[in-house]
Amino acid sequence: MTTAKRDTYTPETLLSVAVQVFIERGYDGTSMEHLSKAAGISKSSIYHHVSGKEELLRRAVSRALDELFGILDEEHAREGSAAERLEYVVRRMVEVLMAELPYVTLLLRVRGNTGTERWALERRRAFDHRVAALLKDAAAEGDVRADVEVRLATRLVFGMINSIVEWYRPEGPDGRSGAGGAGEREVVDAVARLVFGGLRKAS
């Protein structure tokens, strides 16, 4: 388990360590004692900054959700054909997932057992619906195939992207990831090719 040194402790360090502990032990299986030991600080020091572990969870999943929703406000996600915007959003989703890997991993593992988890699930569904709407618009414009039901296609696309958290590891000194030697750009391009190679309407 990751342990932070006392002399390098910051609120950001605490959040980073908490996310790792939540992933390793599960949110329900994590106590403030576990967080205290992993962060290398007393429980009272943790309470000085947050009200408890649920606040840490909310901060962590908020970071992931804010990054994902931020994609939808970017210029290329708002301009162009629906198919172009969809491809941009898919590519950026993969980039955000890899850049914020621990936070997105935690987001994908919440189960709705607490108020914060239920809130996170609701926001995830809202994001999914925004992406599904793009796919529906692209089909209506005739740029993607119409013989695959939109909800099914959306679930398959999200399934492919979300599975990355199970095997992708950040790049090492040689610029390659620990999963099959694929770098970030290779992963982004591969997902885009697979998704849109199957979705695009045959000419």
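**Entry 1: Glu95 and Arg185**

I started at Glu95, which is partly exposed, with a relative accessible area of 23%. The model is a predicted one, and I read every value below as computed from it. I then looked for a partner and found that Glu95 forms a salt bridge with Arg185, with 3.0 Å between the closest N and O atoms. Arg185 sits in helix H10 (residues 184-199) and Glu95 in helix H6, so this pair ties together parts 90 residues apart in sequence. I also checked Arg185 for exposure: at a relative accessible area of 45%, Arg185 is partly exposed.

Which residues are linked with these two in a network of salt bridges? I listed Glu74, Glu87, Arg91, Arg92 and Asp189, alongside Glu95 and Arg185.

**Entry 2: other salt bridges**

I noted the count for the model, which is 14 salt bridges. One of them joins Arg63 to Glu100, with the closest N and O atoms 2.8 Å apart. I placed Arg63 in helix H4 (residues 53-72) and Glu100 in the loop between helix H6 (82-99) and helix H7 (101-109); the two are 37 residues apart, and the pair links distant parts of the chain.

Is Glu100 buried or exposed? Glu100 has a relative accessible area of 12%, so I entered it as buried, the cut-off being under 20%. Arg63 has 28% and is partly exposed.

I looked at Arg145 and Asp147 as well. Their side chains meet in a salt bridge at 2.8 Å, N to O. Asp147 is exposed, with a relative accessible area of 56%, while Arg145 counts as partly exposed at 34%.

**Entry 3: Gly70**

I went back to helix H4 for Gly70, which lies in that helix. I recorded a relative accessible area of 28% for Gly70, which makes it partly exposed. Gly70 and Val96 are 26 residues apart in sequence, and I noted 10.0 Å between their C-alpha atoms.

**Entry 4: H1 against H2**

Next I took the helix pairs. Helix H1 (residues 11-25) packs with helix H2 (residues 32-39) at an angle of about 125°, and their axes are 9 Å apart. H1 is therefore oblique to H2. I logged their crossing as right-handed. From H1, the residues that make the contact are Leu14, Val17, Ala18, Val21, Phe22 and Arg25. On the H2 side I wrote down His34, Leu35, Ala38 and Ala39.

**Entry 5: H8 against H9**

How are H8 and H9 set relative to each other? Helix H8 (residues 115-140) and helix H9 (residues 150-162) pack at about 120°, with 10 Å between their axes. I therefore put the two down as oblique to each other. H8 passes H9 in a right-handed crossing. I then listed the residues that meet: Phe127, Asp128, Val131, Ala132, Leu135 and Lys136 in H8, and Val150, Ala153, Thr154 and Phe158 in H9.

**Entry 6: the annotated region**

Last, I looked up the record. An unreviewed UniProt entry carries the annotation "DNA-binding region" for residues 31-50. I took this from the record and did not test it against the model. What is the helix content over residues 31-50? The chain there is 75% helix and 0% strand. I also noted that the end C-alpha atoms of residues 31-50 are 14 Å apart.

Conventions. Residues are numbered from 1 along each chain as its sequence is written. This is a predicted model: local features need pLDDT of at least 70, side-chain atom pairs count only at pLDDT 80 or more; totals for chains, interfaces and linings use all residues. Side-chain values use heavy atoms; hydrogens and water are left out. UniProt positions are given in the numbering used here, feature names are shortened, and annotations may be inferred rather than shown by experiment. Helices (H or I, at least four residues) and strands (E, at least two) are DSSP runs, numbered from the N terminus. A salt bridge is a side-chain nitrogen of Lys or Arg within 4 Å of a carboxyl oxygen of Asp or Glu. Buried means under 20% relative accessible area, exposed over 50%, partly exposed in between (1.4 Å probe, protein chains only). Axes are lines fitted to C-alpha atoms, for helices over the stretch in contact, and angles run from 0 to 180 degrees between N-to-C directions. Angles under 35 degrees count as roughly parallel, over 145 as roughly antiparallel, 65 to 115 as roughly perpendicular and the rest as oblique. A crossing is left-handed if the near helix is turned anticlockwise from the far one by less than a right angle, and right-handed if clockwise. Contact means heavy atoms within 4.5 Å.
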